[in-house]
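Here are some notes from a pass through this model, set down as numbered points. Have the coordinates open while you read.

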Amino acid sequence: MRRARDRAPVIGDLVPAEAGAVEELAGLVTRFDHVAVAVRDLATAAPLYADLFGGRLIAGGDDDRLAIRSLQLSFPPGVKIELLQPLHEQSYLAAYLEKRGPGFHHMTCFVEDVTEAAGRLEAAGYSTVDTRTGTGCWDETFIRPSSAFGTLVQLTDSPLSWTDPVMPEGAGIGDVLAGRIAWNDARPAWR
């Protein structure tokens with residue numbers, strides 16, 4: 001059984017002395033980026049999000065390191081949704097889908113510095129995991145769902161712009177779905 005002191009503080013739990021730790025987090029997030037949805041088959045999900053809802057392709061492709069295929073779409077006035085599909089049954093995402101089913105996977109926000117953000121969060125009592133820095137293109141950490149009210153929160157910093165399409169010339173959703181596009185760390189590229 002989990003004890004109250006083993007979890008991250010919630011606003012109702014805070015007493016004035018603890019409130020300062022949470023106030024230290026003010027301004028940590030510089031921009032909300034996207035919500036990710038886990039699906040078993042992108043080809044089945046894409047028509048709803050791209051055709052019916054009118055999503056515009058921003059990025060996508062196979063990430064062989066994570067064993068996932070992604071498709072990121074933008075909607076007016078700049079809202080983004082990322083669809084995620086496992087590439088094979090050994091993918092972490094296949095295990096996630098088996099346990100939880102399709103649906104919300106994570107939300108992503110930008111911060112100025114991932115290392116600093118992770119430190120500030122930990123100091124305030126929030127648990128982070130899978131911090132990855134030094135990539136030069138996409139540093140990240142995650143706030144564990146146990147510390148974020150059941151939500152996996154990805155915090156990232158990147159010197160690259162992620163607001164405009166970054167697909168290779170001539171690439172479309174069909175190319176992503178067919179596995180012809182792969183992530184090369186920083187950007188999608190033709191295989």
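1. Let's begin with one side chain. His34 has a relative accessible area of 2%, so it falls under the 20% cut-off and counts as buried. Do keep in mind throughout that we are looking at a predicted model. His34 sits in strand E1, and its side chain makes a polar contact of 2.7 Å with that of Asp33. Setting aside neighbours within four places in sequence, His34 is in contact with Gln72, Lys80, Glu82, His106, Met107, Thr108 and Gln154.

2. His106 is on that list, and it deserves its own look. This histidine lies in strand E5 and is buried too, at 6% relative accessibility. Two side-chain polar contacts are worth checking by eye: one of 2.8 Å between His106 and His105, and one of 3.3 Å between His106 and Thr108. Not counting residues up to four places away in sequence, His106 touches His34, Val35, Ala36, Glu82, Leu84, Leu152 and Gln154. Glu82 and Gln154 thus turn up in the contacts of His34 and again in those of His106.

3. Now for the pocket. How much space lies in the largest pocket? About 1,100 Å³. Its lining takes in 36 residues, and Leu66, Tyr92, Glu140, Phe142 and Gln154 lie nearest the centre. Strands E1 (29–38), E2 (56–63), E3 (68–75), E4 (79–86), E5, E6 and E7, along with helix H3 (92–100), each give two or more residues to this lining. By residue class, the lining splits into 15 nonpolar, 10 polar and 11 charged. Gln154, one of the residues nearest the pocket centre, is also a contact of His34.

4. Helix H2 (residues 42–52) has a clear inside and outside. Its buried residues are Leu42, Ala45, Ala46, Tyr49 and Ala50. Viewed down the helix axis, they fall within an arc of 110 degrees, so they line one face of H2. The general rule behind such a pattern is that an α-helix has 3.6 residues a turn, so residues three or four places apart point the same way. Thr44, Asp51 and Leu52 are exposed on the other side of H2. What do the buried residues of H2 pack against? Their partners are strands E1, E3 and E4, plus helix H5 (173–177).

5. The two ends of H2 are worth a glance. At the start, a side-chain oxygen of Asp41 comes to within 3.3 Å of the backbone nitrogen of Ala43. Just after the helix, Gly54 has a positive phi of about 80 degrees.

6. Helix H4 (residues 114–123) can be read in a similar way. Which residues of H4 are buried? They are Val114, Ala117, Ala118 and Leu121. These cover an arc of only 100 degrees around the axis, which puts them on the same side of H4. Thr115 and Ala123 are exposed on the other side. The buried residues of H4 pack against strands E5 (103–111), E6 (128–132), E7 (139–143) and E8 (153–157).

7. As for the ends of H4, a side-chain oxygen of Asp113 reaches to within 3.2 Å of the backbone nitrogen of Thr115 at the start. Gly125, just after the helix, takes a positive phi of about 100 degrees. Put next to point 5, each helix has an Asp side chain reaching a backbone nitrogen at its start and a Gly with positive phi just after it.

8. One loop residue to look at is Asn184, between strand E9 (181–183) and strand E10 (188–190). Is Asn184 buried, partly exposed or exposed? At 47% relative accessibility it counts as partly exposed. A polar atom of the Asn184 side chain lies 2.8 Å from the backbone nitrogen of Arg187. The C-alpha atoms of Asn184 and Gly61 are separated by 9.5 Å, although the two residues are 123 apart along the chain.

9. Finally, the overall picture. The protein has five helices and 10 strands, and 46% of its 191 residues are buried. Of the contacts between residues at least 6 apart in sequence, 55% join residues at least 24 apart.

Conventions:
Residues are numbered from 1 along each chain as its sequence is written. This is a predicted model: local features need pLDDT of at least 70, side-chain atom pairs count only at pLDDT 80 or more; totals for chains, interfaces and linings use all residues. Side-chain values use heavy atoms; hydrogens and water are left out. Buried means under 20% relative accessible area, exposed over 50%, partly exposed in between (1.4 Å probe, protein chains only). Helices (H or I, at least four residues) and strands (E, at least two) are DSSP runs, numbered from the N terminus. The arc is that of the directions from the helix axis to the C-beta atoms. Contact means heavy atoms within 4.5 Å. A polar contact is a pair of N or O atoms within 3.5 Å; within protein, one must be able to donate a hydrogen and the other to accept it, and residues adjacent in sequence count only if both atoms are side-chain atoms. On a 1 Å grid over the protein atoms alone, a cavity is a set of points where a 1.4 Å probe fits but cannot get out, and a pocket is an open set with protein on both sides within 12 Å along at least five of seven lines; lining residues have an atom within 4 Å of a point. Grid points are joined across faces, edges and corners, and a volume is the space filled by probe spheres set on the points. Ala, Val, Leu, Ile, Met, Phe, Trp, Tyr, Cys and Pro count as nonpolar, Asp, Glu, Lys and Arg as charged, and the others, Gly among them, as polar.
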